[in-house]
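Student: Could you show me how to read burial and packing in a model, going one feature at a time?

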Amino acid sequence: MAEIKVEMSHDQHLLVPEEEEAASARSLAGNRRRLASLDIFRGLTVALMILVDDAGGDWPVIAHAPWNGCNLADFVMPFFLFIVGVSIALAFKRISNKVEACKKVGFRTCKLLFWGLLLQGGFSHAPDELSYGVDVTMMRFCGILQRIALSYLVVALVEIFTKDSHEESISTGRFSIFKSYYWHWIMGACVLVIYLAILYGTYVPDWEFVVYDKDSILYGKIQSVSCGVRGKLNPPCNAVGYVDRQVLGINHMYHHPAWRRSKACTDVSPYEGSLRQDAPSWCHAPFEPEGVLSSISAILSTIIGVHFGHIILHLKGHSARLKHWISTGLALLTLGLTLHFTHLMPLNKQLYSFSYICVTSGAAAIVFSLVYSLVDILEWKHMFLPLKWIGMNAMLVYVMGAEGILAAFFSGWYYRHPRNTLINWIREHVFIRVWHSRRVGVLMYVIFAEIFFWGLVSGVFHRFKIYWKL
């Protein structure tokens, strides 16, 4: 179980297991000091998650793309996995006992799965529904922490068991670091082959489902979807959804997929609204954006992150690191965009397509390089302190802020009507009415009353050396 601990060291656990954070104190030039850019990048990603989750409804341009494409929200998950990969490389720089390391990896994987099921399985219903408990027949099995757990488990075990296959010092050849960690790339190639083979080779038959949306006129009715195809990447007939329906069961998938905001489903697209009366039947169906097959594909994002962590360990000069990071990032961006615009494979977060992996990992590389330059080279740390504090206590902010547990707590007290809560009053009177615009007011509320607020809270916790360890 997760716990709050008071520690004397500031090498603390964040959103991924604690060994990653102990290792983030590795030197940029040999001295033991924390890699501040990794903390800030993690804090930036958590802040980005809060922004797109809570303001995306009013600003659909930053919310998840309904299907193909890549909006701001679609970078959050790959950024997390990239950070996990970098942290794994730093955490397992030296391994004294592989058995003990594997036990710790397995134990923390189980804890990530537990919290993922608790938070995104629907138990808390935070923050908008004041009901308690969850119908286990409708419980969502997958989610963000579950995907992180799978990627962490696979990549960490590869890192542990291949530790003896490469040397601490690597030759100066351009591709020597790729050769030294060839097992990681073999794993990545296997993951990609498995994903593509299933994605394009699986036959997707016709399927049906029961509509459980109580606001729908079709509530309780059985709907059928015609497929009978192979290799399609459209919403109703792709292999990713088919695998999840077979493995997870359709009732245990996400019931509010982003595709409901597509033009085929609603007249107010890209905003979320009532489904059209003539909307295709699949618009009413569940779809799991963190499902089984797409999570297998997502392991690649973590493998790429591990590679960037290895660069920190083996290349000592700032310019050498940045040259390698930026060139790799640009190559990934170019490959991903080429696949997308040549229509070979679209950018798609729901399917976690290979082009999407390339573009988002390339973007993570560029952003991380920029943060590294500003923070660890130019030492502009103070201007990013709120993000650093969030990054050093990311699990706390994720659970209490991004998952809305604190907001749900305050929403438990209301005046006469469940919508008359302190949270809604602040949003309406302090922000929306001041700006005379709901869209701008909501955006300002999320930035100042949520992101900046959690930055200050994390700063107080940091001051007293209190961190949420998983």
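The dialogue below takes up a buried charge, the nonpolar cores and a helix residue in turn.

Tutor: Keep in mind throughout that this is a predicted model.

Student: Where does Arg261 lie, and is Arg261 buried or exposed?

Tutor: Arg261 sits in the loop that runs between α8 (239-247) and α9 (292-314), and it is buried.

Student: Which side chain of opposite charge is nearest to Arg261, and how far away is it?

Tutor: A salt bridge requires the charged atoms to be within 4 Å. The nearest candidate for Arg261 is Glu272, at 5.4 Å, and Arg261 therefore has no salt bridge. Its side chain does, however, reach the backbone oxygen of Pro270 at 3.0 Å. Leaving aside residues up to four places away in sequence, Arg261 touches Pro60, Ala63, His64, Ala65 and Pro66, as well as Thr266, Ser269, Pro270, Tyr271 and Glu272.

Student: How should I read the nonpolar cores?

Tutor: In soluble globular proteins, nonpolar side chains tend to be buried together. Here the largest nonpolar core has 96 residues, and within it Phe92 and Ile148 touch the most other members. The greatest share of this core comes from helix α3 (residues 76-91), which gives 13 residues. Another core, of 26 residues, lies apart from it and includes Trp67, Cys142, Leu199 and Val240.

Student: Why is His429 classed as partly exposed?

Tutor: Partly exposed covers the range between under 20% and over 50% relative accessible area, and His429 is classed so because its value is 32%. His429 belongs to helix α15 (residues 422-435); Gly441, twelve residues apart from His429 in sequence, is 9.5 Å from it in space, C-alpha to C-alpha.

Conventions. Residues numbered from 1 in each chain as written. Predicted model: local features only at pLDDT ≥ 70, side-chain atom pairs only at ≥ 80, totals over all residues. Heavy atoms only, no water. Helix = DSSP H or I, 4+ residues; strand = E, 2+ residues; numbered from the N terminus. Buried < 20%, exposed > 50% of the residue type's maximum accessible area, 1.4 Å probe, protein only. Lys, Arg positive; Asp, Glu negative; His and termini not counted. Polar contact = N/O pair within 3.5 Å; in protein donor to acceptor, adjacent residues only side chain to side chain. Contact = heavy atoms within 4.5 Å. Core = buried A, V, L, I, M, F, W, Y, C linked by side-chain atoms within 4.5 Å.
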